[in-house]
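Me: Got a model open here and I'd like to talk through its packing. Mind if I fire questions at you?

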Amino acid sequence: MAELMKREPVALPLVVDLDGTLIHSDLLWEAILIFIKTRFLQLWRLPFWLLQGKAGFKDKLASMIEIDPSALPYDQILLADLARQRSQGRLLVLATGSQRRYADVIAAHLGLFERVFASEGGVNLTAHSKARQLSAAFGAKGFDYIGNATVDIAVWNACNDAFSVTRKPFLLAGGSKTQLAGTSRAGWGRPLIKAMRPRQWLKNLLVFVPMLAGHALNMPVFLQALVAFVAFSLCASSAYLLNDALDAVDDRRHPVKCHRPIAAGSLPLPVALLASPLLAIVALGICAVFDPLLLLVVVVYFITTLAYSIHLKRLLMVDIVTLAILYTLRILGGSAVTHIEPSFWLLAFSFFIFLSLALLKRYSELFNLERQGKEKTNGRSYTTMDKAPIGIMGVNSGFISLLVFMLYFNSENVLVLYTHPHFLLGIVPLLVFWLGRLWTLSFRGEVNEDPVLYVSRDPISLCIIAACMLLAVGASM
C-alpha cells in the first residue's frame with residue numbers, strides 16, 4: 001500500500017481536435033479544393049450534396065477525394081509535445097468533426113493516437129455530439145482536451161483540463177479559462193496581405209508602357225493608366241489567392257513555396273476563398289465605371305488567369321505561352337484605358353521578351369528541382385530532362401525580341417515619335433548584355449524562380465533599365 005501511495009497519479013487521456021488544432025487547416029476545405037482542382041466539371045454536384053446535411057456532404061466528398069496525410073500543415077510544436085507524452089505512456093485520442101476515413105488515415109500516418117473519434121453514420125462529431133461521445137467513453141471530466149474554436153466550448157466544459165491553441169483563452173463555465181497548448185494562432189490580416197503578393201504588383205506597371213511609348217506624358221493620361229494599374233493589381237491578387245489555395249498541397253512539398261500563408265495554414269482557406277472573388281468584383285467594378293474597353297481586357301485577363309490556375313498550368317508549354325500572354329494583356333489594358341493604340345512592334349517585342357522571362361522562370365524551377373535530386377515538378381508537366389530545351393527556347397525568344405526592336409528602327413513610328421532616333425541604337429547592346437547576363441546567371445542557378453522579382457532587386461538590371469530610359473528620353477528631345 002505504501003508503494004502505491006508513492007506512485008504519481010495516472011494522467012487522464014488527452015483528446016486532441018484535428019481541424020485548426022493538430023493541423024493549421026480544415027480537412028473539409030482541403031477536400032473541396034482538391035475536388036475543384038481535379039473534378040472542376042463536376043462542381044454542380046456540391047449543392048445537391050449539401051442538401052443531405054453537413055455529415056452527408058462530408059461522406060460524399062470523402063468517397064471521391066483522397067487526402068495525403070503527409071502533405072498537411074501540422075502544428076509541429078504540438079506534435080512534438082504529443083510524441084513526448086505518448087513516450088511517457090499517456091493515452092492519446094484523436095477526436096474530429098472530419099470524416100472517419102480521413103481521421104483514420106491521419107492517425108495511422110502519425111502513429112500517435114490509440115483511439116479515433118470522427119464523423120460517421122450521419123453524425124457530425126462536433127460540439128455537443130463530440131462532448132457526449134467522449135464523456136460516454138471516458139466518463140464525466142475523465143479526459144483532457146485540446147481545441148481551437150468556440151465550437152469546442154461544449155467539449156471543454158465536459159473535460160477535466162481545457163487547452164486551446166489560440167492566442168487568447170476561451171472563458172468556460174464556472175469562470176475557468178483554457179490553457180495555451182501548441183503553436184499560438186495569430187490573426188489572418190497580415191497573412192492575407194502577404195498572400196495578395198503586393199510585390200507582384202510591379203508587373204502591372206506595364207499598363208504605363210503605352211503612354212510612355214506614345215509620348216502621352218500628361219496628368220489625365222497618367223490617371224487613366226493608374227486606374228488600370230489598380231484594377232490589374234486587385235485582379236492579380238484575386239488570382240494569386242485562388243491559385244495558392246488550389247496549389248496548397250503541392251506548395252507544401254516545395255522548399256520555398258511551403259512558407260506561403262495558405263500552404264503554411266496561417267491564412268484560413270475560407271478567408272482566402274472569400275477574399276478572392278471580392279477582389280475580382282471590386283476590380284471589375286472599377287473597370288465598368290471608368291472604361292468599358294478596359295473592362296473587356298480585364299475580363300479576358302481574369303478568365304485567362306482562372307483557366308491557368310485550374311488547368312492550363314499543368315499543360316506542357318501551354319502554361320509558358322499563357323504567362324507571356326498575361327504579361328502582354330497588361331500592356332493592352334494600358335492601351336484600352338488611355339485609348340492609345342499599341343503598335344505591332346510594341347506587341348511583338350513584348351510577347352517575345354515576356355516569353356523569354358516565362359521560360360526562364362520554368363528553367364529556374366527545373367534547375368532547383370535537379371539540384372534537390374528530384375525529377376518531376378508537382379502539379380506540372382515538366383521533368384528535369386526538359387531543362388535544356390526550355391533554356392534554348394528562352395535564350396532564342398529573348399534575342400528574337402531584340403531583332404524586333406532593331407527592325408522597329410526602320411518603321412515610320414520612329415520618325416514620327418523621336419527627334420533623334422539614333423539614340424535608340426544604344427539600347428540594343430544594353431539589352432544584349434542584360435539578357436545574356438540574366439540567362440547565364442540562370443544556368444548557374446543564381447536566378448530565383450520569379451525573374452521579375454529578381455530583376456526588381458538586382459542593381460545591375462535596375463541600372464540597365466534606367467540607362468535605356470535615359471536613351472529613350474534623349475531620342476525624344
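Me: Is Leu267 buried or exposed?
Reply: Buried, because its relative accessibility is 1%, and the cut-off for buried is under 20%. Keep in mind that this is a predicted model.

Me: Where does Leu267 lie?
Reply: In the loop between helix H13 (261–264) and helix H14 (269–290).

Me: And what is Leu267 in contact with, leaving aside neighbours within four places in sequence?
Reply: Trp188, Pro191, Leu192, Ala195, Leu241, Pro261, Ile262 and Ala272. Take Trp188: 79 residues separate it from Leu267 along the chain, yet their C-alpha atoms are 5.4 Å apart.

Me: Leu241 is on that list. What does Leu241 contact, with the same neighbours left out?
Reply: Leu192, Ala195, Met196, Ile262, Leu267, Ala272, Ala275, Ser276 and Leu279. Leu241 is also one of the residues that touch the most other members of the largest nonpolar core, along with Leu22, Leu61, Leu82, Phe113 and Trp434.

Me: How many residues are in that largest core?
Reply: 126. Helix H11 supplies the largest share, 15 residues.

Me: What lies apart from it?
Reply: Another nonpolar core, this one of 17 residues, including Val15, Leu125, Ala131 and Ala158.

Me: OK, switching to helix pairs. How do H11 and H16 cross?
Reply: The axes of H11 (residues 219–246) and H16 (residues 318–338) come within 9 Å, with a crossing angle of roughly 140 degrees. Roughly antiparallel would need an angle over 145 degrees, so the two helices count as oblique to each other.

Me: Which hand is the crossing?
Reply: Right-handed.

Me: Which residues make the contact?
Reply: From H11, Val221, Gln224, Ala225, Ala228, Phe232 and Tyr240. H16 brings Leu329, Arg330, Gly333, Val337 and Thr338. By type, the contact of H11 with H16 has 7 nonpolar residues, 3 polar and 1 charged.

Me: Staying on H16, what about Ser335, buried or exposed?
Reply: Ser335 is in H16, and it counts as buried because its relative accessibility is 6%.

Me: What is Ser335 in contact with, again skipping neighbours within four places in sequence?
Reply: Pro210, Ile340 and Pro342.

Definitions and conventions: Residues numbered from 1 in each chain as written. Predicted model: local features only at pLDDT ≥ 70, side-chain atom pairs only at ≥ 80, totals over all residues. Heavy atoms only, no water. Axes fitted to C-alpha atoms, helices over the stretch in contact; angles between N-to-C directions. Helix = DSSP H or I, 4+ residues; strand = E, 2+ residues; numbered from the N terminus. Parallel < 35°, antiparallel > 145°, perpendicular 65-115°, else oblique. Left-handed = near helix turned anticlockwise from the far one by under 90°. Contact = heavy atoms within 4.5 Å. Nonpolar A, V, L, I, M, F, W, Y, C, P; charged D, E, K, R; others polar. Core = buried A, V, L, I, M, F, W, Y, C linked by side-chain atoms within 4.5 Å. Buried < 20%, exposed > 50% of the residue type's maximum accessible area, 1.4 Å probe, protein only.
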